[in-house]
Amino acid sequence: MDHESGEKGETPIKRLDLIEIYQKALDDLVNVNSLFTIAVFVGLSLAHPGEHSLEDRTECDADPDVAKRLVVFEVISFAFFLLSSLVAKTLKVHLNVYRQKNPRTIKLKIIRGSMLLLSAWGSIFGCVFLTMSMVDVIQIKVGKLSCGSVYAFRAAGSLIAIVLLALGIYVPFMMHAIYFSMTHRE
């Protein structure tokens with residue numbers, strides 16, 4: 001028997017509201033996507049044709065194809081972040097509209113889980129393309145990787161390693177959370 005409530009089996013801990021958890025996670029996802037979108041536009045501002053790298057050798061200067069590829073990767077990255085943010089905002093509206101319905105019905109679980117998956121994978125692919133574009137920024141500013149620039153290798157290697165670490169943490173935990181939210185029974 002519980003001493004605080006006087007009823008058998010009842011706990012004093014409040015049940016977490018699933019919809020509030022979803023909304024907080026979606027707000028955080030949209031905020032992070034906004035920061036990444038700023039990085040996209042910073043990267044786009046660095047794509048100048050004919051720019052010389054910090055290497056003293058002219059053969060280490062990036063050719064126009066690197067600048068074009070940078071723009072393409074930045075646009076694709078922006079599109080993925082926009083997709084992720086719009087789906088997340090749509091899911092928030094869906095959660096508010098269907099707040100009174102049982103959030104555990106199979107149809108609503110599938111819709112919410114699918115939208116959350118799409119939003120998460122949009123952010124993941126946005127990060128991948130943003131990283132590829134930042135490698136091109138490094139090649140434009142510091143020198144081409146094919147030139148053997150130690151500084152370009154250090155910068156690109158550090159960037160790739162840190163992003164891989166971040167995604168290595170984010171992806172499995174996010175996929176587990178989505179799976180749990182779709183299959184968990186109270």
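Modeller: Let us call a nonpolar core a set of buried Ala, Val, Leu, Ile, Met, Phe, Trp, Tyr and Cys residues joined through side-chain atoms within 4.5 Å. Buried means under 20% relative accessible area, exposed over 50%, and partly exposed in between (1.4 Å probe, protein chains only). This is a predicted model, in which local features need pLDDT of at least 70 and side-chain atom pairs pLDDT 80 or more, while totals for chains, interfaces and linings use all residues. Numbering starts from 1 along each chain as its sequence is written, and side-chain values use heavy atoms, without hydrogens or water.

Biologist: What is the secondary structure of the protein?

Modeller: The protein has four helices and zero strands (DSSP runs of H or I, at least four residues, and of E, at least two, numbered from the N terminus). From the N terminus on, the order of the elements is α-α-α-α.

Biologist: How much of the protein is buried?

Modeller: Of its 186 residues, 37% are buried.

Biologist: Which residues make up the largest nonpolar core?

Modeller: That core has 12 residues in all: Leu26, Leu29, Val30, Val87, Ala88, Leu91, Leu95, Met115, Leu116, Ala120, Met174 and Ile178.

Biologist: And which elements give two or more residues to this core?

Modeller: Helix 1 (18-45), helix 2, helix 3 and helix 4 each do so. Helix 2 gives the most, with four residues. A second, separate core has seven residues, among them Phe81, Ile124, Cys127 and Leu167.

Biologist: Leu167 is in that second core. Which residues of helix 4 are buried?

Modeller: In helix 4, Leu167 is buried together with Ala152, Ala156, Val171, Met174, Ile178 and Ser181. Two of these, Met174 and Ile178, belong to the largest core.

Biologist: Changing topic, how many aromatic pairs are there?

Modeller: A search of the whole structure finds four aromatic pairs. Phenylalanine 73 and phenylalanine 129 form one, which is tilted, with 5.9 Å centre to centre and 55° between the planes. Rings of Phe, Tyr and Trp (its six-membered ring) pair with centres within 6.5 Å; planes under 30 degrees apart are stacked, over 60 edge-to-face, and the rest tilted.

Biologist: What does that pair tie together?

Modeller: Phenylalanine 73 is in helix 2 (residues 64-97) and phenylalanine 129 in helix 3 (residues 106-141), so their pairing ties together parts that are 56 residues apart in sequence.

Biologist: Are phenylalanine 73 and phenylalanine 129 buried or exposed?

Modeller: Both phenylalanine 73 and phenylalanine 129 are buried. Ring pairs link Phe73 and Phe129 with Phe80, Trp121 and Phe125 into a cluster.
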